[in-house]
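Student: Could we go through this structure together, starting with one residue and then moving on to the sheet?
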Amino acid sequence: MSHSKNSNFHLLMFPWFAFGHMTPFLHLSNRLAERGYSSTFLLPIKAIQHLQHLNLYPHLITFHPLAVPHVEGLPEGTQTASDIPIQFTSLLAAAMDRTRDQVERVIRDTKPKLIIYDAAHWVPEITKAFGIKAINYSVVSAASIAIVLVPARNVPKDKPITEAELLVPPTGYPSSTVVLRGHEVRSLLFISQPFGEGITFYERIYKAMKESDALAIRTCNETEGKFCEYIGSQYGKPVFLTGPMLPEPPKTPLEDRWVKWLSGFQPGSVVFCAFGSQIVLEKNQFQELVLGLELTGLPFLVALKPPMGAATVEEALPKGFEARVKGRGVVWGGWVQQLMILEHPSVGCFVSHCGFGSMWESLMSDCRAVLIPHLGDQILNTRFMAEELKVAVEVVRDEKAWFSKEDLSKSIKSVMDKGSEMGSMLKENHRKWREMLNKGLMTSYVDKFIQNMHELVN
Ligand SMILES: O=c1ccn([C@@H]2O[C@H](COP(=O)(O)OP(=O)(O)O[C@H]3OC[C@@H](O)[C@H](O)[C@H]3O)[C@@H](O)[C@H]2O)c(=O)[nH]1
C-alpha cells in the first residue's frame, strides 16, 4: 500500500504512562507507518526522549508531549510509572485523567480517524462526541485479561475482592490449566484497589473496554484464540489481533566479551538466565538460583540485578561459589543483549521469569525453556507455555513460593539431557510452534488489523 493512499487515515495513539505500554503502542505505530499510516502519539514530555530512537518513521509518527499535572502525594516531577514505586501508580492514573483537556484539544486539532488507547477509560466519552471510533488495545496476554478483567469476574462493588473469590476463574473461562493456584492469586488483589481518583483498577479497565468500539489484543489466534474469543463474547465486541508486536531485532552486534566467552563452549550447551527489567530477588533465593545452576554441571550465564540489600551481584554470591564455577559460570549484574544471546549457537537453555517479552523471545528462539515466574501475568504465561503449548517446564515452588536449587537443577537437566524423553517432547513441540509463528504470520496480523480498522470506520 502506498503512503499517499493512506494519508487521510490519521490515528491517535494514547498509551498508559508506562514503558511496557508506550513501547508496544509505538511498535504498532511503526508497523502501520510502514504501510503509510500516520499517527499522533501522546506521551509525557519526559518519555519522548527515551522513545525517540524507537520511532522508525518520524515523518509519519509525531510525538505530542502531554504535560502531566501534579497530583497531591505524587513525587514532584513524576511522569511515568518508572519514576515511582508501585504504590504511587494510582496517583499517576489520577494525573493521567487530568490530561483530558489536552487530549481533547489534540483530537479537535488533528481530527484522527480513530484512537487507540488503553487505561484512559474516558476516551470513548470524547470520541463519541466527535464521531470518532475508539479501539481499546491490551498489551498483556489475552489469558491475563480473560481471567480477571471480564464482566463474569463479578468483582464486588462495595468491598475488596478476596483470595477465595480470585481462586475461582470467571464462568466460561476457557482453560483449566492457565490459572493461578493458592498464594499466587495474591498478586491479583490489586484489581479492587483504587487506580485513580474514585475508581478501582477493575472498574477503570472494564469501562475502558466496555465503552470502546472494538477491542484489540497483542497476541495471536494460533496461541490464544480461545481466550480472545471469550473476551469478545464477554464484552460483546469485535476483537482485533495485532500479533505480539515485537521490536525489530537490534542492529548492534553482541558485545565482544560475550561472543568470546560463549564461543568457548559446545553448541547448545550454555544455560542463560535473566528475569527482565523489574525483578529483584531476595538474597537467599538469589543464592539458591546460582547454586542450582552450579549443580547442573553445565556452563551458565546469569544476568540479574543485585538482590535486595546488596550493591553488587558479586557481594551476594555464596561462599566459594566464584572459585568453584570459574571458567564455566558467570553472574553478571548488568543489562545484556538478551535477544542476541538467545541467538548465539552455544546457548541451549533459557531460564526466564516469562514476562511477555521474554515469553515471545523464548518461543521464537531455539533454546529449551525453563520458567520461574514471579507475578500474576508471568505465572499465567508460564502455565500457558508449560501446560497448553507444552514447550517449557516450570520450576516447582513450595507453599512459601520458594524454589530449591535441586528442583531448578532437575528442571534444567530434564530439558538439556540428551536422551531425555521430556526434553525431546518439548523440543519437538517448540519446533512446531516456532515454525508456525514465523515472520510471514506476523505480517499477516498487521494486514488484517489494517483491514479491521478500515471496516470499523466505514
Ligand atoms: O538483561 C536483560 C534483561 C532483559 N532484556 C530484555 O528486556 C525485555 C524484558 O521484557 P519482559 O516482558 O520479558 O519482562 P519485564 O519483567 O521487563 O516486563 C514487565 O512487562 C511485561 C510483563 O509481562 C512482565 O510481567 C513485567 O514484569 C525483553 O525484551 C528482554 O530481551 C534484555 O535485553 N537484557
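Tutor: Glu224 is buried (under 20% relative accessible area, with a 1.4 Å probe and protein chains only) yet has no salt bridge, that is, no side-chain nitrogen of Lys or Arg within 4 Å of a carboxyl oxygen of Asp or Glu. The nearest side chain of opposite charge, Lys226, is 9.6 Å away. This is a predicted model in which local features need pLDDT of at least 70 and side-chain atom pairs count only at pLDDT 80 or more, while totals for chains, interfaces and linings use all residues. Residues are numbered from 1 along each chain as its sequence is written, and side-chain values use heavy atoms, with hydrogens and water left out.

Student: Okay, what does the side chain of Glu224 reach?
Tutor: It reaches the backbone nitrogen of Ala143, at 2.9 Å.

Student: And where is Glu224 placed?
Tutor: Glu224 belongs to helix α10, residues 221-235 (helices are DSSP runs of H or I, at least four residues, and strands are runs of E, at least two, numbered from the N terminus).

Student: New topic: in what order do the strands of the open sheet come?
Tutor: The seven strands follow the order β3-β2-β1-β4-β5-β6-β7 with parallel pairing, where two strands pair if DSSP finds at least two bridges between them.

Student: Why is one side of β3 and of β7 left without a neighbour in the sheet?
Tutor: Because β3 (61-66) and β7 (239-241) stand at the edges, each has a single partner strand.

Student: How many bridges join β4 to β5?
Tutor: Four bridges join β4 (residues 114-117) to β5 (residues 133-138), and Ile116 stands opposite Ile135 in β5.

Terms used. Buried < 20%, exposed > 50% of the residue type's maximum accessible area, 1.4 Å probe, protein only. Lys, Arg positive; Asp, Glu negative; His and termini not counted. Polar contact = N/O pair within 3.5 Å; in protein donor to acceptor, adjacent residues only side chain to side chain.
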